[in-house]
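Please keep the sequence and the 3D view side by side while you read. We will walk through a few places together.

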Amino acid sequence: MIYSMTGYGKSVLQLPTKKITIELKSLNSKNLDLNARMPSVYREKELAIRKRLANKLVRGKIDFSIYVETTADDTSTQINTPIVKQYMAQLKQIVTADELELLKMAVRFPDALNTVREEIDENEWKAIEAEIDNATDDLINHRLDEGKVLEKDFNNRVESIDNILEKVIAIDPERVEAVRERLLKGVEELREKYDENRFEQELIYYIEKFDITEEKVRLKNHLNYFTESINSKESNGKKLGFISQEMGREINTIGSKSNYAPMQQLVVQMKDELEKIKEQLLNVL
């Protein structure tokens, strides 16, 4: 089972005087990169929120937002009446205008409005925490759905590499014979007498140097290990990344040793499939 790092979660809390919306967006990142936006009244809870999200989301570029919409006559901002009246009295001495115009000018001046600092209601905060958990679970479910799509793609591409590897194994005897014939032809073109026994010994040494048996076995093992890791209970994109690097090493070595055009073409196909796997692994948790 794997999880994508891409996801979206949302939850809405309706209170008697306000509607609170929790939103979470997640993109791929090597580490946990959390950006929190919220009204100032909840800022003192930011550290607790970060710990709560880190425990569940583990990794990714996370945008966390709390939006508050007032739905009743409940405001922390009030008109500072004495100050406004003083401003209006002073303005009368400077300009000729009616009361409405003076009021419009006065409320724009400093201290015309008083903002009373809200205190967090603990019962309200407990309800918000529950909604944060709901939004987080929603995002995790989204990650799981995305992960299932990635898992299907990985399995298809691993199967494709495995099928191409079988073709490599099938044409390996042809490659050895082709190398043998090429060397023999090269020696004969020299039109010099040569020791056949010595030639056979050198040929065996040369072919052993370009033998890919170990690489084929190791690549097969890496493919199986990759599939096992996908099907494990925990999603581990970094582990899958390490396995894909090992797969790449074996494929590259087969390519450098092949010395045979049909096999090199198959190696290019395996590299193409592996490159697509690596690109998608950047999105795995």
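What follows goes from one helix to two single residues and then to a pocket.

This is a predicted model, in which local features need pLDDT of at least 70, side-chain atom pairs count only at pLDDT 80 or more, and totals for chains, interfaces and linings use all residues. Residues are numbered from 1 along each chain as its sequence is written, and side-chain values use heavy atoms, with hydrogens and water left out.

Let us begin with helix α6, residues 213-230. Helices here are DSSP runs of H or I with at least four residues, numbered from the N terminus. Helix α6 has 18 residues and reaches 26 Å from its first C-alpha to its last, close to the 26 Å expected at 1.5 Å a residue; the expected span is 1.5 Å times one less than the number of residues. The buried residues of α6 are Glu215, Lys216, Leu219, His222, Leu223, Phe226, Ser229 and Ile230. They lie on the same side of α6, because they cover an arc of only 155 degrees around the axis, taken from the directions from the helix axis to the C-beta atoms. An α-helix has 3.6 residues a turn, so residues three or four places apart point the same way. On the face turned away from the buried side of α6, you will find the exposed residues Glu214 and Glu228. Buried means under 20% relative accessible area and exposed over 50%, computed with a 1.4 Å probe on protein chains only.

Next, look at threonine 136 in helix α4, residues 122-189. Threonine 136 counts as buried because its relative accessibility is 1%. Leaving aside residues up to four places away in sequence, threonine 136 touches Leu24, Leu53, Lys56 and Leu57, where contact means heavy atoms within 4.5 Å.

Now move on to valine 267, in helix α8. Valine 267 has 3% relative accessibility and therefore counts as buried. Its contacts, again without residues up to four places away in sequence, are Ile251, Ile254 and Gly255. The C-alpha atoms of valine 267 and glycine 248 are 10 Å apart, with their positions 19 residues apart along the chain.Last comes the largest pocket, with a volume of about 370 Å³. A pocket is an open set of points on a 1 Å grid over the protein atoms alone, where a 1.4 Å probe fits, with protein on both sides within 12 Å along at least five of seven lines; lining residues have an atom within 4 Å of a point. Helix α7 gives the most to this lining, with 6 residues.

Notes:
Grid points are joined across faces, edges and corners, and a volume is the space filled by probe spheres set on the points. Helices (H or I, at least four residues) and strands (E, at least two) are DSSP runs, numbered from the N terminus.
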